[in-house]
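Q: Please take a close look at one helix of this chain and its surroundings, and describe in one connected account what lies around it.

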Amino acid sequence: MKLEFWYADMVRFLRNASEYGSYNQILLEKMRPFLDPGMRICDAGSGLGYLSLSLAPHVRQVTAVEKNPDAANVLKENCLRRGISNIDARCEDMCRHQPEEPYDAMVFFTNSANGSCMRRAMDTALRRETS
(Lines give C-alpha, C1' and ligand atoms only; values in the text may rest on other atoms or scores of the structure.)
Protein backbone atom coordinates (compact mmCIF):
# COMPACT_ATOMS: atom_id res chain seq x y z
CA MET A 1 0.00 0.00 0.00
CA LYS A 2 1.35 3.41 -1.00
CA LEU A 3 0.98 6.19 1.54
CA GLU A 4 -0.11 9.45 -0.03
CA PHE A 5 1.98 12.36 1.26
CA TRP A 6 -0.29 15.21 0.23
CA TYR A 7 -3.38 14.74 2.37
CA ALA A 8 -5.29 17.73 3.80
CA ASP A 9 -3.66 17.69 7.26
CA MET A 10 -0.17 17.50 5.73
CA VAL A 11 -0.88 20.45 3.42
CA ARG A 12 -2.16 22.48 6.39
CA PHE A 13 0.83 21.50 8.56
CA LEU A 14 3.43 22.31 5.89
CA ARG A 15 1.70 25.57 4.99
CA ASN A 16 1.80 26.67 8.64
CA ALA A 17 5.39 25.51 9.08
CA SER A 18 6.47 27.41 5.97
CA GLU A 19 4.59 30.60 6.74
CA TYR A 20 5.64 30.79 10.38
CA GLY A 21 9.04 29.08 10.30
CA SER A 22 12.39 30.12 8.87
CA TYR A 23 13.35 26.95 6.95
CA ASN A 24 12.99 28.41 3.45
CA GLN A 25 14.71 31.63 4.49
CA ILE A 26 17.66 29.61 5.79
CA LEU A 27 17.82 27.69 2.50
CA LEU A 28 17.69 30.97 0.57
CA GLU A 29 20.58 32.39 2.58
CA LYS A 30 22.67 29.31 1.75
CA MET A 31 21.83 29.67 -1.97
CA ARG A 32 22.05 33.46 -2.27
CA PRO A 33 25.82 33.54 -3.16
CA PHE A 34 25.02 31.41 -6.21
CA LEU A 35 22.01 33.40 -7.43
CA ASP A 36 22.06 35.99 -10.18
CA PRO A 37 19.17 38.33 -11.08
CA GLY A 38 19.10 37.00 -14.66
CA MET A 39 18.82 33.32 -13.73
CA ARG A 40 16.06 30.90 -14.65
CA ILE A 41 15.66 28.33 -11.89
CA CYS A 42 13.62 25.15 -11.73
CA ASP A 43 12.25 24.13 -8.34
CA ALA A 44 11.72 20.43 -9.07
CA GLY A 45 9.21 18.74 -6.80
CA SER A 46 8.33 22.14 -5.39
CA GLY A 47 5.64 20.95 -3.02
CA LEU A 48 3.72 23.94 -1.69
CA GLY A 49 6.21 26.26 -3.39
CA TYR A 50 7.51 28.25 -0.44
CA LEU A 51 11.11 27.90 -1.59
CA SER A 52 10.03 29.20 -5.02
CA LEU A 53 8.42 32.18 -3.29
CA SER A 54 11.68 32.85 -1.45
CA LEU A 55 13.78 32.57 -4.62
CA ALA A 56 11.53 34.71 -6.85
CA PRO A 57 12.77 38.18 -5.76
CA HIS A 58 16.37 37.17 -6.49
CA VAL A 59 16.09 35.68 -10.00
CA ARG A 60 14.41 36.38 -13.33
CA GLN A 61 12.17 33.30 -13.42
CA VAL A 62 11.29 30.33 -11.23
CA THR A 63 9.55 27.33 -12.74
CA ALA A 64 8.00 25.29 -9.92
CA VAL A 65 7.16 21.74 -10.99
CA GLU A 66 4.96 19.68 -8.65
CA LYS A 67 2.92 16.65 -9.66
CA ASN A 68 0.33 16.91 -6.89
CA PRO A 69 -2.44 19.36 -7.86
CA ASP A 70 -3.36 20.26 -4.26
CA ALA A 71 0.23 21.21 -3.48
CA ALA A 72 0.70 23.07 -6.79
CA ASN A 73 -2.50 25.04 -6.19
CA VAL A 74 -1.17 26.39 -2.88
CA LEU A 75 1.69 28.03 -4.79
CA LYS A 76 -0.64 29.37 -7.49
CA GLU A 77 -2.89 30.90 -4.80
CA ASN A 78 0.11 32.45 -3.02
CA CYS A 79 1.41 33.96 -6.26
CA LEU A 80 -1.98 35.55 -6.97
CA ARG A 81 -2.39 36.80 -3.38
CA ARG A 82 1.14 38.25 -3.25
CA GLY A 83 1.18 39.63 -6.81
CA ILE A 84 4.19 37.53 -7.85
CA SER A 85 4.49 37.18 -11.61
CA ASN A 86 7.88 35.53 -12.15
CA ILE A 87 6.89 32.08 -10.88
CA ASP A 88 5.51 29.60 -13.39
CA ALA A 89 3.74 27.00 -11.20
CA ARG A 90 3.23 23.78 -13.16
CA CYS A 91 1.33 20.70 -12.11
CA GLU A 92 3.27 17.95 -13.85
CA ASP A 93 5.67 15.11 -13.19
CA MET A 94 9.25 16.37 -13.13
CA CYS A 95 10.38 13.11 -14.71
CA ARG A 96 8.40 14.08 -17.83
CA HIS A 97 9.03 17.85 -17.72
CA GLN A 98 10.47 19.34 -20.91
CA PRO A 99 11.47 23.01 -20.49
CA GLU A 100 11.08 25.45 -23.35
CA GLU A 101 14.67 26.56 -22.73
CA PRO A 102 17.34 25.23 -20.37
CA TYR A 103 17.48 26.34 -16.75
CA ASP A 104 20.52 27.98 -15.20
CA ALA A 105 20.05 25.98 -11.99
CA MET A 106 17.74 23.47 -10.38
CA VAL A 107 16.82 22.88 -6.76
CA PHE A 108 15.01 19.78 -5.61
CA PHE A 109 14.26 17.57 -2.68
CA THR A 110 13.43 13.98 -3.45
CA ASN A 111 13.49 10.50 -2.07
CA SER A 112 15.98 7.94 -3.34
CA ALA A 113 13.30 6.23 -5.43
CA ASN A 114 13.20 9.31 -7.67
CA GLY A 115 16.98 9.79 -7.81
CA SER A 116 17.56 8.38 -11.30
CA CYS A 117 14.52 10.22 -12.61
CA MET A 118 15.84 13.52 -11.23
CA ARG A 119 19.25 12.84 -12.74
CA ARG A 120 17.64 12.43 -16.18
CA ALA A 121 15.58 15.58 -15.58
CA MET A 122 18.74 17.52 -14.74
CA ASP A 123 20.50 16.24 -17.86
CA THR A 124 17.54 17.38 -19.96
CA ALA A 125 16.76 20.69 -18.28
CA LEU A 126 20.02 22.36 -17.26
CA ARG A 127 21.91 24.93 -19.28
CA ARG A 128 25.40 23.70 -20.03
CA GLU A 129 28.46 25.94 -20.10
CA THR A 130 30.23 25.98 -23.42
CA SER A 131 34.00 26.21 -23.62
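**Helix H4 and its surroundings**

A: The side chain of Asn-86 comes within 3.1 Å of the backbone oxygen of Val-59, and this residue, placed in the loop between H4 and S3, is a useful point from which to approach the helix in this predicted model. A polar atom of the Asn-86 side chain also lies 2.8 Å from the backbone oxygen of Ala-56. With a relative accessibility of 17%, Asn-86 counts as buried, because the cut-off for that class is under 20%. Apart from its neighbours within four places in sequence, Asn-86 is in contact with Ala-56, Val-59, Arg-60, Gln-61 and Val-62.

The helix itself, H4, spans residues 69-82. Its 14 residues reach 20 Å from the first C-alpha to the last, close to the 20 Å expected at 1.5 Å a residue. Its buried residues are Ala-71, Ala-72, Val-74, Leu-75, Asn-78 and Cys-79; seen down the axis of H4, the buried residues fall within an arc of 150°, so they line one face of the helix. The face turned away from that buried side carries Leu-80 and Arg-81, which are exposed. At the N-terminal end, H4 is capped by Asn-68, a side-chain oxygen of which lies 2.9 Å from the backbone nitrogen of Asp-70, and after the helix comes Gly-83, with a positive phi near 70°.

The cover over the buried residues of H4 includes helix H1 (8-20), H3, S2 and S3. Of these elements, S2 is mostly covered, with six of its six residues buried. Gln-61, Thr-63 and Val-65 point one way from S2, whereas Val-62, Ala-64 and Glu-66 point the other way, and all are buried. In a regular strand the side chains alternate between the two faces of the sheet. S2 pairs with strand S1 (residues 40-44) in the parallel sense over five bridges, and among the paired residues Ala-44 has Val-65 of S2 as its bridge partner.

These elements also meet in the nonpolar interior. The largest nonpolar core has 24 residues, and those with the most contacts inside it are Leu-35, Leu-48, Leu-55, Leu-75 and Ile-87. Two or more residues are given to this core by each of helix H2 (23-31), helix H3 (50-55), strand S2 (61-66), helix H4 (69-82) and strand S3 (87-91). A second, separate core has seven residues, including Ala-44, Val-65, Met-106 and Ala-121. Returning to the largest core, Leu-55 is in contact, leaving aside its neighbours within four places in sequence, with Leu-28, Met-31, Leu-35, Ile-41, Val-62 and Val-107.

To set the helix in the whole chain, there are five helices and four strands, and from the N terminus on the elements run α-α-β-α-β-α-β-β-α. Of the 131 residues of the protein chain, 42% count as buried, and among contacts between residues at least 6 apart in sequence, 58% join residues at least 24 apart.

How values were computed. Residues are numbered from 1 along each chain as its sequence is written. This is a predicted model: local features need pLDDT of at least 70, side-chain atom pairs count only at pLDDT 80 or more; totals for chains, interfaces and linings use all residues. Side-chain values use heavy atoms; hydrogens and water are left out. A nonpolar core is a set of buried Ala, Val, Leu, Ile, Met, Phe, Trp, Tyr and Cys residues joined through side-chain atoms within 4.5 Å. Buried means under 20% relative accessible area, exposed over 50%, partly exposed in between (1.4 Å probe, protein chains only). Contact means heavy atoms within 4.5 Å. The expected span of a helix is 1.5 Å times one less than its number of residues. The arc is that of the directions from the helix axis to the C-beta atoms. A polar contact is a pair of N or O atoms within 3.5 Å; within protein, one must be able to donate a hydrogen and the other to accept it, and residues adjacent in sequence count only if both atoms are side-chain atoms. Two strands pair if DSSP finds at least two bridges between them.
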